[in-house]
Amino acid sequence: MSSRNQEHGRTALASSQDLSARFEQEFGGAPDGIWQAPGRVNLIGEHTDYNEGFVLPFAIDRTARVAVAARRDATVRLLSTYGDQGVVTTTLDALQPGTAKGWTKYPLGVLWALRERGIAVPGVDLLLDSNVPLGAGLSSSHAIECAVITALNDITGAGLEAQEMVLATQRAENAFVGAPTGIMDQSASLRGSKGHAVFLDCRDQTASLVPFETEPAGLVLLVIDTKVSHSHADGGYASRRASCELGAEVLGVRALRDVEVADLAEAGALLDEVTFRRVRHVVTENDRVLQTVELLGGPGPAAIGPLLDASHASMRDDFEISCPELDLAVDASRANGAIGARMTGGGFGGAAIALTPADSEQKVRDAVAKAFAEAGFKAPEIFTVSPAAGAMRIA
Ligand code: GAF
(Lines give C-alpha, C1' and ligand atoms only; values in the text may rest on other atoms or scores of the structure.)
Protein backbone atom coordinates (compact mmCIF):
# COMPACT_ATOMS: atom_id res chain seq x y z
CA MET A 1 0.00 0.00 0.00
CA SER A 2 1.40 3.40 -0.86
CA SER A 3 0.26 6.96 -1.10
CA ARG A 4 -0.36 8.22 -4.63
CA ASN A 5 1.82 11.17 -5.45
CA GLN A 6 0.44 11.85 -8.88
CA GLU A 7 -3.16 12.35 -9.79
CA HIS A 8 -3.58 10.97 -13.27
CA GLY A 9 -7.36 10.98 -13.28
CA ARG A 10 -8.68 14.38 -14.31
CA THR A 11 -12.19 15.66 -14.03
CA ALA A 12 -12.44 16.82 -17.64
CA LEU A 13 -11.85 14.62 -20.66
CA ALA A 14 -10.55 16.01 -23.93
CA SER A 15 -13.38 16.52 -26.44
CA SER A 16 -13.54 14.17 -29.44
CA GLN A 17 -12.27 17.00 -31.65
CA ASP A 18 -9.31 17.73 -29.38
CA LEU A 19 -8.45 14.06 -29.05
CA SER A 20 -8.58 13.62 -32.85
CA ALA A 21 -6.43 16.71 -33.36
CA ARG A 22 -3.85 15.47 -30.87
CA PHE A 23 -3.91 12.03 -32.52
CA GLU A 24 -3.25 13.56 -35.95
CA GLN A 25 -0.47 15.70 -34.58
CA GLU A 26 1.24 12.70 -32.91
CA PHE A 27 0.62 9.97 -35.46
CA GLY A 28 0.28 11.90 -38.72
CA GLY A 29 -3.22 10.78 -39.71
CA ALA A 30 -6.81 10.76 -38.45
CA PRO A 31 -8.05 8.00 -36.11
CA ASP A 32 -10.59 5.47 -37.42
CA GLY A 33 -12.81 6.42 -34.50
CA ILE A 34 -13.05 7.16 -30.78
CA TRP A 35 -14.41 4.70 -28.24
CA GLN A 36 -15.01 5.03 -24.53
CA ALA A 37 -15.65 2.76 -21.55
CA PRO A 38 -16.44 3.76 -17.96
CA GLY A 39 -14.95 2.89 -14.60
CA ARG A 40 -17.26 1.35 -12.04
CA VAL A 41 -18.42 1.57 -8.48
CA ASN A 42 -19.43 -1.67 -6.87
CA LEU A 43 -22.57 -1.03 -4.85
CA ILE A 44 -22.23 -4.36 -3.03
CA GLY A 45 -20.81 -7.86 -3.55
CA GLU A 46 -17.07 -7.75 -2.92
CA HIS A 47 -14.72 -10.68 -3.64
CA THR A 48 -17.75 -12.73 -4.56
CA ASP A 49 -17.19 -12.77 -8.36
CA TYR A 50 -14.36 -15.31 -8.39
CA ASN A 51 -16.38 -17.43 -5.94
CA GLU A 52 -19.09 -17.77 -8.61
CA GLY A 53 -21.36 -15.55 -6.53
CA PHE A 54 -23.31 -12.33 -7.01
CA VAL A 55 -22.22 -8.73 -7.57
CA LEU A 56 -24.05 -5.43 -8.07
CA PRO A 57 -21.74 -2.84 -9.66
CA PHE A 58 -22.60 0.08 -11.91
CA ALA A 59 -20.78 2.04 -14.59
CA ILE A 60 -19.89 5.59 -13.56
CA ASP A 61 -19.54 8.83 -15.46
CA ARG A 62 -15.73 8.65 -15.30
CA THR A 63 -14.44 7.22 -18.53
CA ALA A 64 -11.44 6.01 -20.49
CA ARG A 65 -11.40 7.15 -24.15
CA VAL A 66 -9.25 5.82 -26.96
CA ALA A 67 -8.69 7.22 -30.42
CA VAL A 68 -7.49 4.32 -32.57
CA ALA A 69 -6.34 3.78 -36.15
CA ALA A 70 -5.56 0.39 -37.66
CA ARG A 71 -2.14 0.17 -39.34
CA ARG A 72 -1.07 -1.85 -42.37
CA ASP A 73 1.85 -3.38 -40.47
CA ALA A 74 2.27 -5.08 -37.08
CA THR A 75 3.59 -1.99 -35.30
CA VAL A 76 1.79 -0.78 -32.18
CA ARG A 77 2.23 2.83 -31.05
CA LEU A 78 0.65 3.97 -27.79
CA LEU A 79 0.40 7.37 -26.21
CA SER A 80 -1.62 8.73 -23.31
CA THR A 81 -2.66 12.26 -22.48
CA TYR A 82 -1.12 11.61 -19.04
CA GLY A 83 2.11 12.48 -20.80
CA ASP A 84 4.13 10.21 -18.53
CA GLN A 85 5.80 7.84 -21.00
CA GLY A 86 5.81 9.50 -24.44
CA VAL A 87 5.00 7.27 -27.42
CA VAL A 88 5.60 3.60 -26.60
CA THR A 89 6.35 1.55 -29.72
CA THR A 90 6.28 -2.23 -30.00
CA THR A 91 5.03 -4.92 -32.39
CA LEU A 92 2.25 -7.49 -32.17
CA ASP A 93 4.74 -10.35 -32.25
CA ALA A 94 6.71 -8.93 -29.33
CA LEU A 95 3.72 -9.09 -26.96
CA GLN A 96 4.60 -11.30 -24.01
CA PRO A 97 2.81 -11.58 -20.63
CA GLY A 98 4.56 -9.71 -17.86
CA THR A 99 6.72 -7.51 -20.07
CA ALA A 100 4.66 -4.32 -20.54
CA LYS A 101 4.98 -1.31 -18.25
CA GLY A 102 2.56 1.21 -16.75
CA TRP A 103 -0.82 1.77 -18.39
CA THR A 104 0.36 0.24 -21.69
CA LYS A 105 -0.08 -3.25 -20.28
CA TYR A 106 -3.86 -2.83 -20.52
CA PRO A 107 -4.19 -2.10 -24.27
CA LEU A 108 -1.33 -4.48 -25.06
CA GLY A 109 -3.00 -7.19 -22.95
CA VAL A 110 -6.18 -6.81 -24.97
CA LEU A 111 -4.29 -7.08 -28.27
CA TRP A 112 -2.53 -10.17 -26.94
CA ALA A 113 -5.78 -11.78 -25.70
CA LEU A 114 -7.57 -11.18 -29.01
CA ARG A 115 -4.69 -12.72 -30.94
CA GLU A 116 -4.73 -15.67 -28.57
CA ARG A 117 -8.39 -16.15 -29.54
CA GLY A 118 -7.36 -16.33 -33.16
CA ILE A 119 -8.69 -12.89 -34.08
CA ALA A 120 -6.63 -11.20 -36.81
CA VAL A 121 -5.67 -7.98 -35.06
CA PRO A 122 -3.84 -5.28 -37.03
CA GLY A 123 -1.09 -3.08 -35.65
CA VAL A 124 -2.61 0.10 -34.23
CA ASP A 125 -1.87 3.67 -33.28
CA LEU A 126 -3.71 4.50 -30.07
CA LEU A 127 -4.13 7.64 -27.98
CA LEU A 128 -5.65 7.24 -24.49
CA ASP A 129 -7.41 9.82 -22.38
CA SER A 130 -9.11 9.01 -19.07
CA ASN A 131 -10.67 10.69 -16.07
CA VAL A 132 -11.03 7.50 -14.03
CA PRO A 133 -8.63 8.04 -11.11
CA LEU A 134 -5.80 5.48 -11.23
CA GLY A 135 -5.45 3.06 -8.34
CA ALA A 136 -8.60 4.38 -6.65
CA GLY A 137 -10.51 1.10 -6.77
CA LEU A 138 -12.79 2.46 -9.51
CA SER A 139 -11.47 0.09 -12.13
CA SER A 140 -9.39 2.47 -14.22
CA SER A 141 -7.51 -0.47 -15.77
CA HIS A 142 -10.66 -2.27 -16.87
CA ALA A 143 -12.02 0.97 -18.30
CA ILE A 144 -8.97 1.14 -20.58
CA GLU A 145 -9.25 -2.54 -21.51
CA CYS A 146 -12.96 -2.24 -22.25
CA ALA A 147 -12.51 0.89 -24.39
CA VAL A 148 -9.75 -0.86 -26.34
CA ILE A 149 -11.65 -4.11 -26.88
CA THR A 150 -14.75 -2.21 -27.97
CA ALA A 151 -12.62 -0.35 -30.51
CA LEU A 152 -10.90 -3.50 -31.77
CA ASN A 153 -14.16 -5.40 -31.99
CA ASP A 154 -15.44 -2.70 -34.34
CA ILE A 155 -12.20 -2.27 -36.28
CA THR A 156 -11.68 -5.99 -36.90
CA GLY A 157 -15.38 -6.78 -37.40
CA ALA A 158 -14.86 -9.69 -35.00
CA GLY A 159 -18.49 -9.43 -33.82
CA LEU A 160 -17.74 -10.39 -30.20
CA GLU A 161 -20.72 -10.35 -27.82
CA ALA A 162 -20.39 -8.48 -24.51
CA GLN A 163 -19.80 -11.76 -22.69
CA GLU A 164 -16.93 -12.72 -24.97
CA MET A 165 -15.37 -9.30 -24.50
CA VAL A 166 -15.69 -9.74 -20.72
CA LEU A 167 -13.80 -13.03 -20.90
CA ALA A 168 -11.14 -11.70 -23.27
CA THR A 169 -10.41 -8.71 -21.03
CA GLN A 170 -10.35 -10.99 -17.99
CA ARG A 171 -7.79 -13.14 -19.80
CA ALA A 172 -5.73 -10.02 -20.57
CA GLU A 173 -5.86 -9.01 -16.91
CA ASN A 174 -5.11 -12.49 -15.51
CA ALA A 175 -2.49 -13.75 -17.93
CA PHE A 176 -0.90 -10.63 -19.44
CA VAL A 177 -1.12 -8.08 -16.61
CA GLY A 178 -0.80 -10.75 -13.90
CA ALA A 179 -3.77 -9.76 -11.70
CA PRO A 180 -5.97 -12.76 -10.78
CA THR A 181 -9.22 -10.78 -10.91
CA GLY A 182 -12.79 -11.90 -11.67
CA ILE A 183 -15.36 -10.67 -14.18
CA MET A 184 -17.16 -7.94 -12.25
CA ASP A 185 -15.39 -4.82 -13.43
CA GLN A 186 -15.45 -5.56 -17.16
CA SER A 187 -19.10 -6.60 -16.91
CA ALA A 188 -20.03 -3.26 -15.35
CA SER A 189 -18.01 -1.31 -17.91
CA LEU A 190 -19.33 -3.19 -20.94
CA ARG A 191 -22.92 -3.79 -19.80
CA GLY A 192 -23.59 -0.66 -17.72
CA SER A 193 -26.71 1.40 -18.33
CA LYS A 194 -27.73 4.87 -17.16
CA GLY A 195 -29.89 4.69 -14.03
CA HIS A 196 -29.14 1.01 -13.40
CA ALA A 197 -26.83 -1.27 -11.50
CA VAL A 198 -25.74 -4.52 -13.17
CA PHE A 199 -26.81 -7.58 -11.17
CA LEU A 200 -24.47 -10.32 -12.24
CA ASP A 201 -24.62 -13.99 -11.43
CA CYS A 202 -20.95 -14.89 -11.81
CA ARG A 203 -21.68 -18.61 -12.06
CA ASP A 204 -23.71 -18.62 -15.24
CA GLN A 205 -22.56 -15.08 -16.10
CA THR A 206 -26.07 -13.80 -16.71
CA ALA A 207 -26.65 -10.11 -16.09
CA SER A 208 -29.79 -8.12 -15.43
CA LEU A 209 -30.25 -4.39 -14.92
CA VAL A 210 -31.60 -3.21 -11.57
CA PRO A 211 -32.90 0.38 -11.37
CA PHE A 212 -30.68 2.39 -9.01
CA GLU A 213 -31.32 6.11 -8.89
CA THR A 214 -30.45 8.11 -5.82
CA GLU A 215 -31.88 11.49 -6.78
CA PRO A 216 -35.60 10.59 -6.65
CA ALA A 217 -34.93 9.14 -3.18
CA GLY A 218 -33.37 12.43 -2.02
CA LEU A 219 -29.96 10.75 -1.77
CA VAL A 220 -26.51 11.09 -3.28
CA LEU A 221 -23.82 8.45 -3.55
CA LEU A 222 -20.49 9.92 -2.54
CA VAL A 223 -17.20 8.37 -3.58
CA ILE A 224 -14.36 9.06 -1.15
CA ASP A 225 -11.05 8.36 -2.87
CA THR A 226 -8.62 7.88 0.01
CA LYS A 227 -5.61 8.33 -2.29
CA VAL A 228 -4.14 5.13 -0.89
CA SER A 229 -3.07 3.18 -3.95
CA HIS A 230 -3.73 -0.48 -4.36
CA SER A 231 -2.87 -3.00 -7.03
CA HIS A 232 -4.60 -6.29 -7.73
CA ALA A 233 -1.27 -7.65 -8.92
CA ASP A 234 0.04 -7.32 -5.33
CA GLY A 235 -0.18 -10.32 -3.03
CA GLY A 236 -3.25 -9.34 -0.96
CA TYR A 237 -5.85 -10.02 -3.62
CA ALA A 238 -4.29 -13.34 -4.61
CA SER A 239 -3.98 -14.48 -0.99
CA ARG A 240 -7.69 -13.80 -0.36
CA ARG A 241 -8.55 -15.71 -3.49
CA ALA A 242 -6.37 -18.63 -2.36
CA SER A 243 -8.14 -18.68 1.05
CA CYS A 244 -11.50 -18.88 -0.69
CA GLU A 245 -10.31 -21.75 -2.87
CA LEU A 246 -8.97 -23.56 0.19
CA GLY A 247 -12.29 -23.03 1.99
CA ALA A 248 -14.26 -24.44 -0.93
CA GLU A 249 -11.95 -27.44 -1.14
CA VAL A 250 -12.18 -28.28 2.57
CA LEU A 251 -15.95 -27.86 2.50
CA GLY A 252 -16.20 -30.08 -0.59
CA VAL A 253 -18.00 -27.56 -2.81
CA ARG A 254 -17.20 -26.34 -6.32
CA ALA A 255 -17.13 -22.71 -5.16
CA LEU A 256 -18.14 -20.74 -2.06
CA ARG A 257 -21.31 -19.79 -3.94
CA ASP A 258 -22.54 -23.23 -2.89
CA VAL A 259 -22.31 -22.48 0.84
CA GLU A 260 -25.41 -20.97 2.49
CA VAL A 261 -25.50 -18.71 5.54
CA ALA A 262 -27.22 -21.58 7.37
CA ASP A 263 -24.19 -23.84 6.64
CA LEU A 264 -21.73 -21.52 8.38
CA ALA A 265 -21.95 -23.06 11.86
CA GLU A 266 -21.01 -26.44 10.43
CA ALA A 267 -18.27 -24.88 8.27
CA GLY A 268 -16.74 -23.32 11.39
CA ALA A 269 -15.97 -26.77 12.76
CA LEU A 270 -14.10 -27.80 9.59
CA LEU A 271 -12.02 -24.72 8.81
CA ASP A 272 -9.12 -23.01 10.52
CA GLU A 273 -10.05 -19.71 12.11
CA VAL A 274 -8.73 -17.39 9.37
CA THR A 275 -10.14 -19.41 6.48
CA PHE A 276 -13.49 -19.55 8.26
CA ARG A 277 -13.62 -15.75 8.48
CA ARG A 278 -12.73 -15.42 4.77
CA VAL A 279 -15.49 -17.90 3.93
CA ARG A 280 -17.98 -16.16 6.21
CA HIS A 281 -17.37 -12.87 4.41
CA VAL A 282 -18.09 -14.36 0.99
CA VAL A 283 -21.13 -16.32 2.11
CA THR A 284 -22.75 -13.42 3.96
CA GLU A 285 -21.81 -10.96 1.20
CA ASN A 286 -23.58 -13.06 -1.42
CA ASP A 287 -26.64 -12.98 0.79
CA ARG A 288 -26.36 -9.19 1.18
CA VAL A 289 -26.27 -8.75 -2.61
CA LEU A 290 -29.49 -10.72 -2.98
CA GLN A 291 -31.13 -8.71 -0.19
CA THR A 292 -29.98 -5.45 -1.80
CA VAL A 293 -31.46 -6.41 -5.16
CA GLU A 294 -34.74 -7.26 -3.45
CA LEU A 295 -34.83 -3.96 -1.55
CA LEU A 296 -34.02 -1.92 -4.65
CA GLY A 297 -36.99 -3.57 -6.36
CA GLY A 298 -39.22 -2.62 -3.40
CA PRO A 299 -38.65 0.26 -1.01
CA GLY A 300 -35.63 1.54 -2.99
CA PRO A 301 -32.15 2.88 -2.20
CA ALA A 302 -33.11 4.43 1.15
CA ALA A 303 -33.53 0.89 2.53
CA ILE A 304 -30.08 -0.51 1.71
CA GLY A 305 -27.92 1.44 4.19
CA PRO A 306 -27.64 -1.32 6.83
CA LEU A 307 -26.51 -3.79 4.16
CA LEU A 308 -23.72 -1.43 3.04
CA ASP A 309 -22.61 -1.03 6.67
CA ALA A 310 -22.64 -4.79 7.26
CA SER A 311 -20.65 -5.32 4.07
CA HIS A 312 -17.96 -2.93 5.26
CA ALA A 313 -17.75 -4.55 8.70
CA SER A 314 -17.38 -7.95 7.04
CA MET A 315 -14.56 -6.73 4.79
CA ARG A 316 -12.83 -4.99 7.69
CA ASP A 317 -13.10 -7.79 10.26
CA ASP A 318 -13.51 -11.07 8.35
CA PHE A 319 -11.87 -10.52 4.97
CA GLU A 320 -9.36 -7.98 6.35
CA ILE A 321 -9.01 -5.92 3.17
CA SER A 322 -9.78 -2.47 4.57
CA CYS A 323 -7.23 0.06 5.84
CA PRO A 324 -7.32 2.92 8.37
CA GLU A 325 -8.17 5.51 5.69
CA LEU A 326 -11.11 3.50 4.37
CA ASP A 327 -12.40 2.81 7.88
CA LEU A 328 -12.16 6.51 8.72
CA ALA A 329 -14.00 7.49 5.52
CA VAL A 330 -16.80 5.08 6.40
CA ASP A 331 -17.00 5.99 10.10
CA ALA A 332 -16.89 9.76 9.54
CA SER A 333 -19.56 9.52 6.84
CA ARG A 334 -21.85 7.44 9.04
CA ALA A 335 -21.35 9.71 12.05
CA ASN A 336 -22.35 12.74 9.99
CA GLY A 337 -25.51 11.60 8.28
CA ALA A 338 -24.69 8.93 5.68
CA ILE A 339 -27.27 6.15 5.86
CA GLY A 340 -24.80 3.47 4.79
CA ALA A 341 -21.15 3.32 3.76
CA ARG A 342 -18.58 0.77 2.70
CA MET A 343 -15.27 0.43 0.96
CA THR A 344 -15.72 -0.49 -2.70
CA GLY A 345 -13.53 -2.59 -4.98
CA GLY A 346 -10.71 -4.98 -4.23
CA GLY A 347 -9.51 -3.24 -1.05
CA PHE A 348 -6.15 -2.46 0.57
CA GLY A 349 -6.73 1.18 -0.40
CA GLY A 350 -8.84 2.88 -3.02
CA ALA A 351 -12.27 4.35 -2.39
CA ALA A 352 -15.26 4.14 -0.08
CA ILE A 353 -18.86 4.95 -0.96
CA ALA A 354 -21.33 6.73 1.32
CA LEU A 355 -25.06 6.78 0.60
CA THR A 356 -26.06 10.16 1.94
CA PRO A 357 -29.22 12.28 2.17
CA ALA A 358 -28.72 15.13 -0.31
CA ASP A 359 -29.18 17.70 2.47
CA SER A 360 -26.31 16.12 4.47
CA GLU A 361 -23.89 15.95 1.55
CA GLN A 362 -21.84 19.01 2.50
CA LYS A 363 -21.74 18.01 6.16
CA VAL A 364 -20.38 14.58 5.25
CA ARG A 365 -17.83 16.02 2.82
CA ASP A 366 -16.58 18.52 5.42
CA ALA A 367 -16.49 15.97 8.22
CA VAL A 368 -14.54 13.41 6.18
CA ALA A 369 -12.03 16.04 5.01
CA LYS A 370 -11.59 17.26 8.60
CA ALA A 371 -11.19 13.74 10.00
CA PHE A 372 -8.52 12.95 7.38
CA ALA A 373 -6.63 16.14 8.17
CA GLU A 374 -6.76 15.42 11.90
CA ALA A 375 -5.49 11.88 11.35
CA GLY A 376 -2.60 13.20 9.26
CA PHE A 377 -3.88 11.40 6.13
CA LYS A 378 -3.56 12.80 2.63
CA ALA A 379 -6.63 14.88 1.66
CA PRO A 380 -9.26 12.60 0.06
CA GLU A 381 -10.99 13.42 -3.20
CA ILE A 382 -14.76 13.33 -2.76
CA PHE A 383 -17.29 13.33 -5.59
CA THR A 384 -20.77 12.07 -6.40
CA VAL A 385 -21.49 9.33 -8.91
CA SER A 386 -24.58 7.91 -10.53
CA PRO A 387 -25.04 4.96 -12.87
CA ALA A 388 -23.96 5.83 -16.40
CA ALA A 389 -23.91 4.15 -19.79
CA GLY A 390 -21.48 1.36 -20.64
CA ALA A 391 -18.82 1.18 -23.35
CA MET A 392 -19.59 2.70 -26.76
CA ARG A 393 -18.21 4.35 -29.88
CA ILE A 394 -18.52 8.12 -29.68
CA ALA A 395 -16.97 9.28 -32.96
C1 GAF B 1 -11.33 -6.15 -8.23
C2 GAF B 1 -11.46 -7.25 -9.25
F3 GAF B 1 -11.06 -6.82 -10.49
C4 GAF B 1 -12.88 -7.78 -9.34
O5 GAF B 1 -12.90 -8.89 -10.19
C6 GAF B 1 -13.41 -8.13 -7.95
O7 GAF B 1 -12.89 -9.35 -7.49
C8 GAF B 1 -13.15 -7.00 -6.96
O9 GAF B 1 -11.80 -6.60 -6.96
C10 GAF B 1 -13.52 -7.38 -5.55
O11 GAF B 1 -14.89 -7.51 -5.45
O12 GAF B 1 -12.03 -5.00 -8.63
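Of the 13 residues around the ligand, those that come nearest are Glu46, Thr181, Gly182, Met184 and Gly346. The model is predicted. Two helix pairs, α4 with α5 and α10 with α11, are described after the ligand shell.

**Ligand shell**
- By class, the shell around the ligand holds two nonpolar, eight polar and three charged residues.
- Domain 1 (3-211 + 388-393) and domain 2 (215-384) each supply at least three residues to this shell.

**Helices α4 and α5**
- Helix α4 spans residues 162-177 and helix α5 spans residues 184-191.
- Their axes lie 9 Å apart, at an angle of about 140 degrees.
- α4 and α5 are therefore oblique to each other.
- The crossing of α4 past α5 is right-handed.
- On the α4 side, Ala162, Met165, Val166, Thr169 and Gln170 make the contact. On the α5 side, Gln186, Ser187, Leu190 and Arg191 do.
- This contact of α4 with α5 has four nonpolar, four polar and one charged residues.

**Helices α10 and α11**
- Helix α10 (residues 324-335) packs with helix α11 (residues 361-375) at an angle of about 135 degrees. The axes of α10 and α11 are 9 Å apart.
- That angle makes α10 oblique to α11.
- α10 passes α11 in a crossing that is right-handed.
- From α10, the contact uses Leu328, Ala329, Ala332 and Ser333. From α11 come Val364, Ala367, Val368, Ala371, Phe372 and Ala375.
- Nine nonpolar residues, one polar residue and no charged residues form the contact of α10 with α11.

How values were computed:
Residues numbered from 1 in each chain as written. Predicted model: local features only at pLDDT ≥ 70, side-chain atom pairs only at ≥ 80, totals over all residues. Axes fitted to C-alpha atoms, helices over the stretch in contact; angles between N-to-C directions. Helix = DSSP H or I, 4+ residues; strand = E, 2+ residues; numbered from the N terminus. Parallel < 35°, antiparallel > 145°, perpendicular 65-115°, else oblique. Left-handed = near helix turned anticlockwise from the far one by under 90°. Contact = placed C-beta atoms within 7 Å. Nonpolar A, V, L, I, M, F, W, Y, C, P; charged D, E, K, R; others polar. Near = placed C-beta within 6 Å. Domains from an automatic or database assignment.
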